[in-house]
Each structure stands twice: as C-alpha cells, then as structure tokens.
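Here are two short exercises to work through with the structure open beside you. Take them one step at a time, then compare your reasoning with the solutions.

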Amino acid sequence: MEFRKIEVVPISGNIGALINGAQLNALNDETFEEVYQAWLHHCVLFFRNQKITPQEQIDFAQRFGEIHFHPYMKGLDEHPEILEIIKEPGDGYTFGSVWHTDQMFNPKPAKATMLYAHEVPKKGGDTMFSNQYLAYETLSKPMRDMLNRVKTFNVGDGFRRGIGKAKRIDRYAKNPTMQAKIRDPGNVSTEAIHPLIRTHPETKRKSLYIGSHTQTLDGFNADEADSIIDFLRNHSQRHEFTCRFRWETGSIALWDNRCVQHKALADYDERRRTHRITIAGEKPI
Ligand code: SIN
C-alpha cells in the first residue's frame, strides 16, 4: 500500500502502526482516506503529540461513523460523547484490564474506539492489542470448520467467567471517580449472541470474535463451552499476534473492534487520564 500524505510505521510484526504527518484536527479528505486505509490494514493506529479539543476529537471520530454512548458509564457533562477514564493512586481496578473487544455485549457492537491520553504514568499503563484475523487464520482447518457455525453468548455485567469482580459497581469499589460515572443501562440491550467467527464488513476477512464478555457457547454443555472458550482465549492472545503501545501525553490510539482485542495493563499506581470515544457498529455476520 502506498501513502503520499502520511508516513505509516508498523510497530510490530503483525499489528499496529504509528502514523506520522497527520494532525487530527486538520485532515483533508485525501489524508483522511489514507489514514482510513492504513487503519483497515494495520487494525490499530497510533498518533503522537496531538493537541486537539474535545470537540475536535468528536469531529474526527465522526468521520468513522456515528458516536456510540456507553450504556453503563456516563460521559463528560459538556461532551457526553466522551467517556473520561481516570485512575488515581490507590484505585483497585483498571478500566479495560482484561482482553476484550468493545461493547461485545451489544447486538450491534462498537466498530471503533479512540483513546486520547491526557495524563499518563511515568512507567506502566501501556495497552496491548491482538490481531484476531491471525487468531482465526492460524487455527487448523478442522477447528475453523467447526467454529464457523458456533455462536457466543455475551453479557455486559455480572460475568460468570473471565474477570475477578463480577459486578461493575464492585469493580470500582476503590475508585470513586469511576464509580460515580456508572449508570443503569435502562432498556439498552446488554446481552447478545454473535458468530464466533465474523467476517469484517469492509475487508471481508474472517476473524475470531471472542473476549471477556463471552460467557458461553450457544447449545454447548457448560463444560464443553468452558474448555473451548479457555483454549480460544489463550490462543487469541498469543504474543506473535500482539503489539504493545507506550503512552505519552497527547498520544491517540484508534482500534478496529471488528478484528482486534485489547487489554489495558494494570501495572501502575499513578494517575492516568484518557478520553475515550466509541463508534457505533453493525450486527456481526
Ligand atoms: C479500553 O479498554 O477501552 C481502555 C484501554 C486503556 O485504557 O488502555
């Protein structure tokens, strides 16, 4: 792929690229198109030294699609599209610190997520990303053939498996800032059945679609489902599929939830503050 407006620098063998030469509040259509193509190809993009206002972050996000509102967490009063994630020293829980893909519990899960770093720890607090096209493609053919017909059952809260604290409200027991953002999802659906193998609507490639929201497999006995999910979870996080991003103030990461799992590393005890926007997606097929 040739780029004339931006420089695209892969940061690992199989996923993730740093984009140089793009100020996100001043992208013309041609440059945006290159960014978009690089994003589809590399699955997650990173930008350094961005200085954009909340409204400019929203404007850039809207070029990817409609904003999605988190059903469980309130956004900023003046910009409800933006969820401010804050971790303070002593907070017990780190938002997003298990492998997952965003809003998988929604019948139409998020297409993309953009995270903008405002305050970062001196050490730690990196984010990991894993390429789920490769997670699918590296399975044996008999395994792929079997999984192609399987459906997952996914929930947004009260996890049976995959996370230490089942309820969201308990996870943030020592993090009052985040606990204050929790809201009742009301009539927004927070359970969903999805194909375990999905086809990306734009690239047409197949990927493994699993994460910590996945509780069981439709129609399987619980012990069968648990074994398959455990195997696939481990497989989907193989180091060769991943990259790791070191944040700086002004960094932005933008990932494609249709083919990427990610995980925030809970290895720090300092203040970290980010602004997160998710883009609405379509029903996976
Ligand atoms: C998320 O899971 O959306 C947050 C990732 C992070 O804070 O690094």
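Keep in mind that this is a predicted model.

**Exercise 1.** Work out how many disulfides the model has, starting from Cys43.

*Solution.* Step 1: recall that a disulfide is a covalent bond between the sulfur atoms of two cysteines. Here a pair counts when the two sulfur atoms lie within 2.5 Å.

Step 2: look at Cys43, whose nearest cysteine sulfur belongs to Cys259 and is 3.8 Å away, leaving Cys43 in no disulfide. Cys43 is a buried residue, at 1% relative accessible area.

Step 3: turn to Cys243. The nearest cysteine sulfur to Cys243 is that of Cys43, 9.3 Å away, and Cys243 is likewise in no disulfide. Cys243 is buried too, with a relative accessibility of 3%.

Step 4: the final count is zero disulfides.

**Exercise 2.** Describe the largest nonpolar core and find the element that gives the most to it.

*Solution.* Step 1: this core has 30 residues, and Ile19, Trp39, Leu45, Phe47, Phe60 and Phe64 have the most contacts inside it.

Step 2: list the contributors. Elements that each supply at least two residues include helix H1 (29-42), helix H2 (54-62), strand S2 (17-20) and strand S3 (44-47). Helix H1 gives the most, with six residues.

Step 3: zoom in on Ile19. Leaving aside residues up to four places away in sequence, Ile19 touches Ile6, Glu7, Val8, Ala38, Leu45, Phe46 and Phe47.

Step 4: do not merge this core with the second, separate one, which has 26 residues, among them Ile15, Met73, Ala117 and Met178.

Note on methods: Residues are numbered from 1 along each chain as its sequence is written. This is a predicted model: local features need pLDDT of at least 70, side-chain atom pairs count only at pLDDT 80 or more; totals for chains, interfaces and linings use all residues. Side-chain values use heavy atoms; hydrogens and water are left out. Buried means under 20% relative accessible area, exposed over 50%, partly exposed in between (1.4 Å probe, protein chains only). A nonpolar core is a set of buried Ala, Val, Leu, Ile, Met, Phe, Trp, Tyr and Cys residues joined through side-chain atoms within 4.5 Å. Helices (H or I, at least four residues) and strands (E, at least two) are DSSP runs, numbered from the N terminus. Contact means heavy atoms within 4.5 Å.
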